[in-house]
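Please open the structure in your viewer and keep the selection tool at hand. The tour below moves from one selection to the next and says what is found at each stop.

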Amino acid sequence: MHIAVVGTGYVGLVTGCCFAELGVTVTCIDIDRQKIENLKKGIIPIYEPSLDVMVHRNQQAGLLHFSTSLEEVLPQVEIVFSAVGTPPGEDGSADLQYVLEVARTIGRHMTRYLLVVTKSTVPVGTAKKVRAVIAEELARRNADIPFDVASNPEFLKEGNAIADFMKPDRVVIGVDSEKARELMSALYRPLMINNFRVIFMDIPSAEMTKYAANAMLATRISFMNDIANLCERVGANVNQVRHGIGADNRIGNKFLYAGCGYGGSCFPKDVKALIKTAADHGYRLQTLEAVEAVNERQKEVLFQKFRTHYSGDLRKCTAAVWGLSFKPETDDMREAASLILIEQLLRAGCRVRAYDPVAMDEARKHLDDRIYYATDMYDAAVGCDVLFHVTEWRTFRIPSWDVLKKVMNGRLIIDGRNIYDKEEVTRKGFDYYGIGI
């Protein structure tokens, strides 16, 4: 089987590479010529563990190819996956211009039956729009070529995307024809042989499943952050509360960690888009409106703790920030809590020294030369009055408190991920603040 994957961002590149790993011949398409040339040379545009090795292996095997021309590939493929970006508009809605442009290109150049699969996260009803655009372009050509549209939303976690694809919790596929179902079954057969769950449903339900899943996870995060803030006020410990409620098998222990807010490319965008979809249909998702409000407020908690501790002029303070990406094992800084914190520190007149194991180059795109980019975690702490732990990279888990005492001017640790033991840190001579403890 030969397929095309349009878009070599996070979703498209991982999807194409993993299908190649399963033995499918894949051509990944992108209009960015420099990105495609780099990929042909093995230069990966994103950080994802093991992705570079897998790309190289499948290029060498002749299963993974890169091109800037979808129209040249169309005669050779049976399935086209659309994995282009759907950035949020000012009103929170998903911008479908790239998705619909892919559909136009397909309609203008297809020469035989194709199954067009939406992999991007798109609002309910997008498949209908894709179908209409393709049909419109075929009509302009007076071409009577059959095609199907399907939805196959991704559930990849950045930092664990390859494992998520190869050993999924479930694969959700929305189809409305038997032929589309047969093609998608053939494509995913290697996973079905291993008894991974492949769930077929109608297309609108598949589109909604993606948004609903991310909205539920975001809700759990904001719920725990709200509980954590209340714990601080009543003298409870949110870590103990988390263990207590997570032991209930109706609730479970996943996504119950309090922290400084969620970020990334999915949760913030998808929550906004689902709220907007509801509004477009005359309905308010009040639960998700609260989830979003709690998350925006939570990203300011670290600075508020710092300001309260010093209760005065912060202009002479130097702050260390450990972790810049929105989560570990990625260099993605979209909607990262670190950006909110650093902007607040800079506005208050503080100097900022930051370190992240992989996101330093990405940070420069957001922050320019307004902060100091440290060479390692301890270099970031040199001369600092406060150390903020923002992203829970493994390298930060067991720091040398003795080294920190030597290099820091102050003795304040603000732990945005509740990684450190408060009693241990306090015994070492530091003031410690966590979230909800």
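**Charged side chains and their partners**

Begin by selecting Arg108, which counts as partly exposed because its relative accessibility is 39%. Keep in mind throughout that this is a predicted model. With Arg108 still selected, add Glu137, and you will see that the two side chains meet in a salt bridge, at 3.3 Å from N to O. This pair links distant parts of the chain, since Arg108 belongs to helix 5 (residues 97-109) and Glu137 to helix 6 (residues 126-140), and the two are 29 residues apart. Is Glu137 buried or exposed? Glu137 counts as buried, because its relative accessibility is 6% and the cut-off for that class is under 20%.

Now add Arg140, whose side chain also meets that of Glu137 in a salt bridge, again listed at 3.3 Å from N to O. Glu137 and Arg140 are three residues apart in helix 6, so about one helical turn separates them. Arg140 is exposed, with a relative accessible area of 58%. To see the wider setting, select Glu101, Arg104, Arg108, Glu136, Glu137 and Arg140 together, as these residues are linked in a network of salt bridges.

For another stop of this kind, select Lys210 and Glu154, whose side chains meet in a salt bridge at 3.2 Å from N to O. Lys210 lies in helix 10 (residues 203-234), while Glu154 lies in the loop between strand 6 (147-151) and helix 7 (161-166), so the pair ties together parts that are 56 residues apart in sequence. Lys210 is buried, with a relative accessible area of 3%, and Glu154 is buried as well, with a relative accessible area of 5%. Across the model, the count comes to 28 salt bridges.

**The nonpolar cores**

Turn next to the largest nonpolar core, which has 59 residues, and select Phe306, Val321, Leu324, Leu345 and Phe388, the members that touch the most others. The largest share of this core, five residues, comes from helix 15 (residues 337-347). If you then centre the view on Phe388 and leave aside residues up to four places away in sequence, its contacts include Leu302, Phe306, Trp322, Leu341 and Ile414. Apart from this core lies another, of 45 residues, and you can find it by selecting Leu64, Phe81, Val171 and Met184, which are among its members.

**Helix 16 from two sides**

Select helix 16 (residues 360-367) and highlight Met360, Ala363 and Leu367, which are its buried residues. Looking down the axis of helix 16, you will find these buried residues within an arc of 50°, so they line one face of the helix. They pack against helix 15, strand 10 (351-355) and strand 11 (372-373). Rotate to the other side of helix 16, where Asp361 and Lys365 are exposed. Just after the helix, select Asp368, which takes a positive phi of about 55°.

**Cysteines**

How many disulfides does the count give? The count comes to zero. Select Cys28, which is in no disulfide, and then Cys17, whose sulfur is the nearest cysteine sulfur, 7.8 Å away. Cys28 counts as buried, at 0% relative accessibility. Finish with Cys260, which is likewise in no disulfide, the nearest cysteine sulfur being that of Cys231, 17 Å away. Cys260 also counts as buried, at 0% relative accessibility.

Notes. Residues numbered from 1 in each chain as written. Predicted model: local features only at pLDDT ≥ 70, side-chain atom pairs only at ≥ 80, totals over all residues. Heavy atoms only, no water. Core = buried A, V, L, I, M, F, W, Y, C linked by side-chain atoms within 4.5 Å. Buried < 20%, exposed > 50% of the residue type's maximum accessible area, 1.4 Å probe, protein only. Helix = DSSP H or I, 4+ residues; strand = E, 2+ residues; numbered from the N terminus. Contact = heavy atoms within 4.5 Å. Salt bridge = Lys/Arg side-chain N within 4 Å of Asp/Glu carboxyl O. Arc of directions from axis to C-beta. Disulfide = S-S within 2.5 Å.
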